[in-house]
Amino acid sequence: MHNLKPFIIKAGRFKSLRRWTSFKFIAFFLICSSIATNLSSQNTSGISKADVTRELQKRGITESEFNQILAENNLNIDSVEYYSPQKINQFQSIILELERDKLVTTNDTIPPEIIDETIEPLEELDVEIDSVEIQNELEEEIEYERYGRMILQGGAISSSTDPYKIKAPPNYILGVGDELAISVWGASKVDDLHEINNDGFIKILNGSVRVFLKGLTIAKAKEKLRDAYSKFYKFNSGEFDVTLSYARTVQVKVYGEVETPGIQSVPAVNHVFSIVAEAGGVTKIGTVREIEIIRSDGTRNSADLYKYINNPSSENEIYLQDNDVIFVSPVKSLIEIEGGINRPYKYELIPSETIEDLINFAGGFDINAQSNILKVTRNSLDSKKIIDVNWPAEKQFKLENGDLVRVNSIERNLENYVFVSGAVSQEGYYELTERLKVSDLIKKSGIKEEARLDVAFIKRVGLDSSISYVPINLKQVLSNPGSSENIYLKNQDELTVWYLNRFADNSSFVIDGAIRESGAFEFGAIDNLKITDAIMLGGGLRRDASSVLIIHRQDPLNDKLKRYYTVNDLENLIENPSSEKNIFVEPFDSIFIYSQNEFLEDAFVTIRGAVNNPGQFQFGLDMKIEDIFTLAGGFKISAATDRIEISRVIITNNKPTTVVVSNLEMDRDFNIIQGESDFTLEPNDVITVRYVPEFEVQKTVYVLGEVKYPGPYTILDDNEKISNILRRTGNLTSEAFPAGATLNRKDENLGAVVIKLDEIFEDENSEFNFVVKDGDRIVIPKQQEFVTIEGATRAKTMLSDDAINLNNRIHVPFQSNKRAMFYIDEYAGGLGENADRKSIFVEYPNGEIKKSKAFLFFINTPKIRKGSTIKVRKKVSEAEEDKEITTDWSKVLQDTVSQAVTVITLILAIQSLN
């Protein structure tokens with residue numbers, strides 16, 4: 001298969017253009033201080049529809065088949081200019097997939113010597129984008145892909161990035177920072193959240209009991225906590241559960257033969273393979289069998305992807321700890337297998353494995369394999385030789401790096417047979433014996449009573465593979481074996497005997513509705529069934545049947561002509577079947593008997609407000625007020641039971657409707673205290689239950705990370721601020737990094753909010769000392785010692801490739817009282833040739849972003865704090881700016897004149913008043 005690695009657009013561009021315009025007319029002087037035309041900045045991909053069309057033409061892909069695949073993925077070629085890098089990657093993947101399909105379907109017809117000339121390797125699009133990486137040449141990619149490598153690159157294994165949306169397996173090992181949700185239900189009810197503190201303990205039962213959990217699996221922790229809780233609560237074995245509600249974050253270093261080496265910060269629930277996949281997978285020479293995990297204490301573990309694939313249970317997963325190093329070394333032994341095997345790939349073998357292991361990895365022999373002798377092609381220093389391996393006698397044969405194993409296939413073509421099908425007793429293949437005639441074959445297969453005998457056909461294949469049909473009169477063959485119709489059969493002849501019903505025009509009619517057995521009934525061409533007969537075939541009327549029946553009459557060969565026949569007194573028709581209304585049923589008739597319920601209008605009662613299950617409920621006869629409250633699950637605790645309102649529509653024939661309102665006071669057992677004592681509901685009544693004014697339950701804010709007592713805190717009043725919450729936590733630990741503190745607000749789906757804890761500690765009147773809201777989550781991380789630099793710098797001229805991550809990103813030590821340009825010059829070799837000096841940004845750990853300030857020829861870059869990220873953007877060419885934004889000057893002129901007229905009118909009005 002021709003697998004080309006999709007090219008990756010590393011970064012998009014932000015392009016903006018501001019223009020000022022002026023016009024020479026009197027109104028200009030009245031409005032020039034207030035009118036400016038600002039053209040908004042617009043994100044574009046840098047790729048146009050023409051660029052994509054050129055790529056399609058180069059690869060022999062039609063635009064119509066490309067658009068069909070795009071439509072299935074909700075993409076549109078006309079909008080490619082405005083797509084994100086992720087969607088551009090989808091475009092490239094679709095082009096590659098179509099190209100691979102064409103290569104597979106045409107590979108048999110293209111001579112091997114010109115394959116390299118007919119399919120070109122993927123090139124960069126002819127537009128200015130940051131970078132397009134092509135990793136593999138065609139000659140290498142046509143070879144079999146290495147088994148396992150594409151699993152790490154194709155998205156089959158992915159990392160978990162959200163620490164709150166994780167389902168941890170029972171063997172996950174707990175550590176400091178993990179948060180557990182403990183639930184008890186049944187006789188006792190408990191819902192607790194506990195974070196494992198720095199000592200490895202959690203404090204349960206209001207802090208009275210400490211339980212050490214660090215280093216235990218979730219399964220072991222669950223047993224330990226069940227024992228602890230069972231001393232204070234009553235519950236059965238199935239009424240207790242412990243789950244991981246928040247996974248601690250660990251830093252893992254990935255080095256060696258991976259596409260994107262570097263440091264990753266991920267939830268600890270991730271295993272080694274998901275981290276390698278997140279790093280882009282292994283390179284062409286990277287191992288997938290012996291991936292090393294080096295712990296901070298020097299211990300080493302090894303992960304084998306083949307074992308994980310063959311048994312992907314959580315027991316085989318190696319979970320990560322803080323400061324782990326994952327090292328992917330080059331592959332040591334690579335063997336290719338082809339031919340009569342289920343999975344022909346290249347496979348990586350470790351020293352202890354043999355040709356038997358290779359066969360197992362490859363899924364075993366296929367059905368056509370000639371497995372007694374396996375051919376091994378081996379390269380030596382100056383020659384190539386073939387080794388015959390007897391299977392299974394030599395299944396422990398040791399393979400060497402670069403060996404090619406060939407499993408020959410046996411061509412199995414069925415010969416010396418005839419085939420019979422259709423109205424015979426035993427369809428199938430029969431041996432073609434010498435001088436076999438049609439009558440002989442019929443005796444072997446038998447013939448059914450419903451077979452048509454006057455005509456049958458023999459399908460015959462000529463030596464040139466041409467097809468011919470020979471008509472046979474089976475009636476003559478069976479009555480007179482010496483007839484000329486009783487011909488000799490030839491190899492691969494196929495005799496088809498037709499059923500009589502193939503040539504009959506039988507049909508059916510359908511009866512449905514208020515009938516006991518609805519369905520289709522086979523029906524001949526003779527008109528001998530009437531409506532009452534059809535009802536009897538359907539088991540008779542249901543007890544809810546009405547007196548109305550309708551027949552839909554239509555020939556399926558003429559769907560433009562349809563007739564209806566209606567019966568309005570069905571009871572009379574059944575009692576008098578000789579009635580002229582009891583017409584004959586015709587083929588393809590559809591008879592529908594209406595239920596009495598079809599003519600009844602649905603009636604509902606609605607309840608809303610402070611009840612547990614508000615909504616619309618079907619009205620019932622003699623329905624009482626307590627009935628609707630029972631259906632609605634009763635009152636909420638916040639319900640005002642003395643403010644129950646029932647609104648009712650008064651309907652009078654041919655007169656406008658009116659609405660009346662009744663008020664009741666009830667207790668929580670649905671007894672009426674004040675109002676009509678025996679209140680009966682009517683259809684369309686609406687019951688409204690008000691809420692108690694200013695009723696509120698406890699609200700909670702969560703403080704996580706580096707505080708002395710992290711966890712949930714109840715908000716004491718509506719104006720409680722961050723500073724007061726932090727005092728209640730015992731304030732920050734010695735390892736806290738207040739500059740990196742973040743606030744996430746669920747209220748109104750606000751999300752991340754920038755806060756500055758340093759300013760809050762200095763001055764509680766700071767604008768950052770926000771009033772906390774229900775569901776707020778304040779996270780204070782540990783100290784961050786590094787500063788990150790990325791973008792258009794000269795880092796590659798100063799550092800090795802191993803030290804540079806995606807987007808030219810590097811991590812350097814923090815130095816106090818320094819600005820961004822100092823770090824760029826000191827650690828990244830200065831600005832790159834295409835760097836935009838005016839577009840240097842700094843993103844602080846708390847999410848705040850600052851841009852450099854320009855004064856004349858000087859650029860004043862922001863000061864740097866610990867954990868900051870310096871981003872240097874590239875220049876945008878003038879041609880790209882002009883292409884991106886086209887000004888509608890006519891609209892600018894129209895808007896300007898309109899504003900001028902408005903201002904002049906206002907001045908004249910003021911003067912007239914004076």
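# Reading charge, contact and cover in a predicted model

Mentor: Let's start at one residue: E762 is found in helix α18, which covers residues 757-762. Keep in mind throughout that this is a predicted model.

Trainee: Happy to. Is E762 buried or exposed?

Mentor: The general idea is a cut-off: a residue counts as exposed when its relative accessible area is over 50%, and as buried when that value is under 20%. E762 has 70% relative accessibility, so E762 counts as exposed.

Trainee: Which residues gather with E762 in a patch of negative charge?

Mentor: D758, D763 and E767 join E762 there, and the patch lies on the surface.

Trainee: And which residues form the positive surface patch?

Mentor: R819, K850, K853 and K863 do. To find R819 in the viewer, go to the loop between β40 (810-813) and α20 (820-827). R819 has a relative accessibility of 33%, so R819 counts as partly exposed.

Trainee: Let's step back to the whole chain. How many helices and strands does the protein have?

Mentor: The secondary structure comes to 22 helices and 45 strands. The protein has 914 residues, and 39% of them count as buried. The exposed area is about 52,700 Å², with carbon and sulfur atoms supplying 49% of it.

Trainee: How should I read contacts between residues at least 6 apart in sequence?

Mentor: Ask how many of them bring together parts of the chain that lie far along the sequence. Here, 62% of those contacts join residues at least 24 apart.

Trainee: Now salt bridges. What is the general idea?

Mentor: Side chains of opposite charge can pair when their charged atoms come close.

Trainee: How many salt bridges does a search of the whole structure find?

Mentor: It finds 34. One of them is between E356 and K395, at 3.8 Å from N to O. That distance counts because the cut-off for a salt bridge is 4 Å.

Trainee: Where in the chain do E356 and K395 lie?

Mentor: E356 is in helix α11 (residues 355-361), and K395 is in the loop between β16 (384-390) and β17 (404-407), so the pair ties together parts 39 residues apart in sequence. E356 is partly exposed at 25% relative accessible area, and K395 is also partly exposed, at 32%.

Trainee: Which residue does R378 form a salt bridge with?

Mentor: R378 pairs with D403, and their closest N and O atoms are 2.7 Å apart. R378 sits in strand β15 (residues 373-379) and D403 in the loop between β16 and β17, so this is a link between distant parts of the chain, 25 residues apart.

Trainee: Are R378 and D403 buried or exposed?

Mentor: R378 is buried, with a relative accessible area of 11%. D403 is buried too, at 1%.

Trainee: May I try the pair E843 and K871? I would look up the distance and then the elements.

Mentor: Good plan. Their side chains meet in a salt bridge at 2.9 Å, N to O. E843 belongs to strand β41 (residues 835-843) and K871 to strand β45 (residues 869-874), and the two residues are 28 apart in sequence. E843 counts as partly exposed at 28% relative accessibility, and K871 has 28% as well and counts as partly exposed.

Trainee: Which residues are joined into one network by salt bridges that share partners?

Mentor: K756, E759, E848 and R865 are.

Trainee: What about surface without charge? Which residues make the nonpolar surface patch of about 360 Å²?

Mentor: F457, V461, I467 and Y469 make it. Strands can be read off here as well: β20 (456-461) and β21 (467-472) are the elements that give two or more residues to the patch. I467 lies in strand β21 and is partly exposed, with a relative accessible area of 45%.

Trainee: One last residue, then. Where is A736?

Mentor: A736 is in the loop between α17 (722-728) and β36 (742-745). A loop residue can still be covered, as this case shows: A736 is buried, with a relative accessible area of 5%.

Trainee: What is A736 in contact with, leaving aside its neighbours within four places in sequence?

Mentor: E706, I780, P781 and Q783. Take I780: 44 residues separate A736 and I780 in sequence, while their C-alpha atoms are 6.6 Å apart in space.

How values were computed. Residues numbered from 1 in each chain as written. Predicted model: local features only at pLDDT ≥ 70, side-chain atom pairs only at ≥ 80, totals over all residues. Heavy atoms only, no water. Helix = DSSP H or I, 4+ residues; strand = E, 2+ residues; numbered from the N terminus. Buried < 20%, exposed > 50% of the residue type's maximum accessible area, 1.4 Å probe, protein only. Contact = heavy atoms within 4.5 Å. Areas by Shrake-Rupley, 256 points an atom, 1.4 Å probe, with all protein chains shown as cover. Patch = residues over 30% accessible without salt bridge, like charges linked within 9 Å, V, L, I, M, F, W, Y side chains within 5 Å. Lys, Arg positive; Asp, Glu negative; His and termini not counted. Charge placed at Lys NZ, Arg CZ, Asp CG, Glu CD.
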